[in-house]
Amino acid sequence: VACSNIFSMLFILAHDRRKEIAVLRALGASRPSIMAIFVFAGLGVGLLGSICGSVLAAITLHYLPQILALIGSLQGHAVLHAGVYGDIAPQTISHVTLLFAFGSICLTSAVAGACAAVRACRMNVSEALRS
């Protein structure tokens with residue numbers, strides 16, 4: 001879901017910035033330099049989202065027993081039945097999983113930026129400046 005949101009956001013950004021991109025192209029900006037703008041924008045969004053998600057995951061994991069107790073009290077029964085899930089809720093974050101998530105999100109964000117940049121570079125400069 002987050003990856004599709006990044007794709008959508010970058011495509012909307014390219015569409016909204018088509019006049020600025022056309023001016024850059026008219027002033028001699030190369031396609032790779034315009035692509036670099038979108039790739040770095042995608043990487044920035046992906047990196048910021050990864051950092052925020054990791055911080056929220058660490059906070060949630062730290063307070064997981066209290067969160068589960070609160071949800072259980074609201075529902076009127078235990079959230080994770082001890083017979084099925086055991087007595088211990090997870091309390092650590094796997095560094096390998098965290099690195100994989102960071103890497104895959106950064107790669108996906110860069111690809112999303114590159115796709116938006118290709119679309120932005122395909123536009124006709126004179127038509128974009130006229131509208």
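This briefing covers a nonpolar core and two buried positions in helix H3. The model is predicted: local features need pLDDT of at least 70, side-chain atom pairs count only at pLDDT 80 or more, and totals for chains, interfaces and linings use all residues. Residues are numbered from 1 along each chain as its sequence is written, and side-chain values use heavy atoms, with hydrogens and water left out.

**Nonpolar core**
- The largest nonpolar core has 14 residues. Such a core is a set of buried Ala, Val, Leu, Ile, Met, Phe, Trp, Tyr and Cys residues joined through side-chain atoms within 4.5 Å.
- Leu10, Ala14, Ile21, Ile34, Phe38, Ala116 and Ala120 touch the most other members.
- Helices H1 (2-16), H2 (18-26), H3 (31-62) and H6 (95-121) each give two or more residues. H6 gives the most, with five. Helices are DSSP runs (H or I, at least four residues), numbered from the N terminus.
- Beyond its neighbours within four places in sequence, Ala116 is in contact (heavy atoms within 4.5 Å) with Leu10, Phe11, Ala14 and Phe38.

**Gly42**
- Gly42 lies in H3. Gly42 is buried because its relative accessible area is 0%; buried means under 20%, with a 1.4 Å probe and protein chains only.
- Gly42 and Ala110 are 68 residues apart in sequence, yet 5.4 Å apart C-alpha to C-alpha.
- Leaving out neighbours within four places in sequence, Gly42 contacts Leu10 and Ser109.

**Ser54**
- Ser54 is also found in H3. Ser54 is buried, at 18% relative accessible area.
- A polar side-chain atom of Ser54 lies 2.8 Å from the backbone oxygen of Ser50.
- Neighbours within four places in sequence aside, Ser54 contacts Leu98 and Phe102.

Methods: Buried means under 20% relative accessible area, exposed over 50%, partly exposed in between (1.4 Å probe, protein chains only). A polar contact is a pair of N or O atoms within 3.5 Å; within protein, one must be able to donate a hydrogen and the other to accept it, and residues adjacent in sequence count only if both atoms are side-chain atoms.
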